[in-house]
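Trainee: I should like to go through the side-chain contacts of this model step by step. May we begin with the aromatic residues?

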Amino acid sequence: MPLFDDNNAVKSQWIKWGMVGDYIAGTFIEVREITSQFPGKEGERVKVYEIKADEGSFHDLDERRNPVNPPISIKEGDIWIIGGRQGIDAQMRNIKIGQKIGMKYTDEKPAKTKGFNALKILKVYTEGVMDEAYLDSYEPSAKDILS
């Protein structure tokens with residue numbers, strides 16, 4: 001059956017943050033928790049954030065974790081996933097579902113432990129504007145209603 005051809009498989013759209021300057025701008029549409037698959041963090045619950053994109057671009061990473069050119073262009077309307085961590089989670093506590101935001105990879109700090117990757121500094125930006133078109137179509141989940 002042609003539908004089940006590997007070329008038709010839907011891929012998750014995770015932003016990789018490969019190079020300082022990578023960014024996404026759009027509407028914050030969801031936060032949820034998943035079980036981490038990262039080595040040393042297996043089984044831990046981590047937040048993931050979903051953004052309905054207006055624009056952006058980022059660099060994928062090769063097997064040696066080096067940025068790959070050209071950057072991947074983020075198309076308007078696509079849904080992208082950003083993995084949470086302490087710095088992002090703290091900033092995102094101040095953001096509401098339906099709010100227009102931007103996230104940008106602004107800097108990196110050397111790892112404190114030799115052999116580990118540098119710490120990527122990501123900043124969340126907002127002017128406080130709500131996406132009224134998105135909110136008009138938004139159907140809250142039971143979790144939203146109970147909170």
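**Aromatic pairs, a strand pairing and salt bridges**

Mentor: In this predicted model, Phe 58 and Trp 80 are both buried.

Trainee: How many aromatic pairs does a search of the whole structure find?

Mentor: The search covers the whole structure, and the number of aromatic pairs it finds is two.

Trainee: Is the pair of Phe 28 and Tyr 49 stacked, edge-to-face or tilted?

Mentor: The ring centres of Phe 28 and Tyr 49 are 6.1 Å apart, and their planes stand at 50 degrees. Planes under 30 degrees apart would count as stacked and those over 60 as edge-to-face. The angle of 50 degrees fits neither class, so the pair of Phe 28 and Tyr 49 is tilted.

Trainee: How many residues apart are Phe 28 and Tyr 49, and in which strands do they lie?

Mentor: Phe 28 belongs to strand 1 (residues 23-35) and Tyr 49 to strand 2 (residues 45-61). The pair links distant parts of the chain, and the separation is 21 residues.

Trainee: Is Tyr 49 buried or exposed?

Mentor: The cut-off for buried is under 20% relative accessible area. Phe 28, its partner, meets this cut-off at 3%. Tyr 49 has a relative accessible area of 2%, so Tyr 49 is buried.

Trainee: What is the geometry of the pair formed by Phe 58 and Trp 80?

Mentor: The centres of the two rings, Phe 58 and Trp 80, are 5.2 Å apart. The angle between the planes is 75 degrees, and over 60 degrees a pair counts as edge-to-face. The geometry of Phe 58 and Trp 80 is therefore edge-to-face.

Trainee: Which strands hold Phe 58 and Trp 80?

Mentor: The pair ties together parts that are 22 residues apart in sequence, because its two members lie in separate strands. Phe 58 lies in strand 2, and Trp 80 lies in strand 4 (residues 79-83).

Trainee: Which residues of strand 6 point to the face where the side chains are buried?

Mentor: Side chains alternate along strand 6 (residues 119-125). Leu 119, Ile 121, Lys 123 and Tyr 125 point to one face and are not buried. The buried side chains, on the other face, are those of Lys 120, Leu 122 and Val 124.

Trainee: What is the bridge partner of Gly 102 in strand 6?

Mentor: Strand 5 (residues 100-109) runs antiparallel to strand 6, and seven bridges join them. In strand 6, the bridge partner of Gly 102 is Tyr 125.

Trainee: Is Glu 50, which forms a salt bridge with Arg 32, buried or exposed?

Mentor: The search of the whole structure finds six salt bridges, among them that of Arg 32 and Glu 50, at 2.7 Å from N to O. Arg 32 lies in strand 1 and Glu 50 in strand 2, so this pair ties together parts 18 residues apart in sequence. Arg 32 is partly exposed at 30% relative accessibility. Glu 50 has a relative accessible area of 12%, so Glu 50 counts as buried.

Trainee: With which residue does Asp 54 form a salt bridge?

Mentor: The closest N and O atoms of this salt bridge are 2.5 Å apart. The pair links strand 2, where Asp 54 lies, to strand 5, 46 residues apart. Asp 54 is partly exposed at 32% relative accessibility, and its partner is Lys 100.

Notes. Residues numbered from 1 in each chain as written. Predicted model: local features only at pLDDT ≥ 70, side-chain atom pairs only at ≥ 80, totals over all residues. Heavy atoms only, no water. Phe/Tyr/Trp six-rings, centres within 6.5 Å; stacked < 30°, edge-to-face > 60°. Helix = DSSP H or I, 4+ residues; strand = E, 2+ residues; numbered from the N terminus. Buried < 20%, exposed > 50% of the residue type's maximum accessible area, 1.4 Å probe, protein only. Pairing = 2+ DSSP bridges. Salt bridge = Lys/Arg side-chain N within 4 Å of Asp/Glu carboxyl O.
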